[in-house]
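Please look over the sequence and the model shown here, and then follow the paragraphs below from a single loop residue out to the chain as a whole.

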Amino acid sequence: MAAALNQNTNLWRIAPAATVIELQTIEWFKTIFKFPQQTEGVYSSGGQFANMIALSAARQYFCQDVREKGISQLGAKLRFYVSDQAHYCHRQALELLGLGTKALRIIPSDDNYRINLDLLTTAIKQDRETGAIPAVVIGTTGTVGCGAIDPISELAKIAKQEKLWFHIDGSYGALGILAEKAPSELHHINLGDSLVFDPHKWLYSPIDTAVTLVNHQGLLSQTFGNQVTYLEPSLSNQDSFDFVNLTPENSRPFRAIRVWLPLIARGINAFKESIENDFMLAKYMASLIDQHPSLELMTPTVTSIVCWRYLPTHQLTLERENLLHRRIIEEMAQRGIACISQALLHSNIICLRACFVNFRTTSDIVQEVVNKSAEIGQQIYEHEFIN
Ligand SMILES: Cc1ncc(COP(=O)(O)O)c(C=O)c1O
């Protein structure tokens, strides 16, 4: 529908209804995540871009004159902290923001793939001692590899003590908050200065639907707003609101309708049920893998991501085992069984990964994928890995 309408949503005066719909869905999300009233939000294409918007706002917060002067001496000293499980988009954002990857401190994760808080506080201290300026700590609610959730409440405390901006990358997992038995850390998401989440992941929206929320009124327009003649606000409605000022996009599609219409049509409970079902399917899959003699569950199943490996009868070198798993993934896709993805654990172990964000997946499909991964694993092992 959005594509057929081909509605640009940069200005209220050319898209009043779309603007009101976008504002309304942003209000709904603020309620869902319990963000304070002054929070502002904007849609963009995906988590990658939405995180860049949030980190741009954080940069603006610390360097008020960055738009005029570029990265000053102060800007060059800013440091950002993220776990080794975080998505690469944060590194890319710092590259694009001119801060460079040297501004990013990658903190090792613990046995449950969550940021190690002791190592984080040590890194902050070390940076202060060397004259750098600790600025932003990034927590992930649902890491891309295994769906781990960083200790959000503890990170918020550290951020407060150290006067850091607390950004939460909930691209994949934040909307898990809608489930009745959502992991408790998700209920602390409102402690973030900014949050990113992808309706195109766990709200089943079409691709190209991500949201950034920023809990600092006016900061997004300080970061991105422009006074340009052809983008002048409405003359007739002094209260009109122009999304073009909250984002680096000028022409922008009518993304909010992909959230608004299904929520109006189906009601929030339909989404809650589907998300709960995804949690349930992940737990079911983990239990099948756990019971299977030739499969091994590799990570705790905290959200709706399951990581596992096929266990060959005789141990192979890590390099050969990784190759075996890449072949299993390829073969499962080529035989039309499933497009499972791969996760890299402890920076060197490749495993099979399933992420449940599709309301059409059933427990029969899960069973089939588990059994076939073992069967195909064995076939490939016997044909290609033993002489
Ligand atoms: C934690 C996390 N951050 C960012 C992204 C990037 O999101 P997108 O693919 O929507 O740009 C992903 C994608 O999987 C993710 O899982």
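Lys34 is exposed, because 12 other C-beta atoms lie within 10 Å of its own, where exposed stands for 12 or fewer such atoms, buried for 20 or more, and partly exposed for the range in between, with C-beta atoms placed from the backbone. Lys34 sits in the loop between α2 (16–33) and β1, and it has a positive phi of about 55° although it is not a glycine. This is a predicted model, in which local features need pLDDT of at least 70 and side-chain atom pairs count only at pLDDT 80 or more, while totals for chains, interfaces and linings use all residues. Residues are numbered from 1 along each chain as its sequence is written. Helices (H or I, at least four residues) and strands (E, at least two) are DSSP runs, numbered from the N terminus.

Tyr113, in the loop between β3 and α7 (117–129), has a positive phi of about 65° and is likewise not a glycine. Tyr113 counts as buried, with 24 C-beta neighbours inside 10 Å.

The strands β1 and β3 that border these loops belong to an open sheet of 7 strands with mixed pairing, in the order β1-β7-β6-β5-β4-β2-β3, where two strands pair if DSSP finds at least two bridges between them. Because β1 (40–44) and β3 (104–107) stand at the edges and have a single partner strand each, one side of each is left without a neighbour in the sheet. From one strand to the next the twist averages 20°. At one edge, β1 pairs with β7 (residues 210–214) in the antiparallel sense over 5 bridges, and Val42 has Thr212 in β7 as its bridge partner.

Helix α8 (residues 152–162) lies across β4 (133–140) and β5 (165–170) and runs at about 170° to β4; axes here are lines fitted to C-alpha atoms, for helices over the stretch in contact, and angles run from 0 to 180 degrees between N-to-C directions.

The protein chain as a whole has 14 helices and 11 strands. Its radius of gyration is 22 Å, close to the 21 Å that the globule rule gives for 387 residues, so the chain is as compact as a globular protein of that length; the radius is taken over C-alpha atoms, and the rule is 2.2 Å times the number of residues to the power 0.38. The C-alpha trace spans about 75 × 55 × 35 Å along its principal axes, and buried residues make up 47% of the 387 residues. Among contacts (C-beta atoms, placed from the backbone, within 7 Å) with a separation of 6 or more, 70% join residues 24 or more positions apart.

Note on methods:
Contact = placed C-beta atoms within 7 Å.
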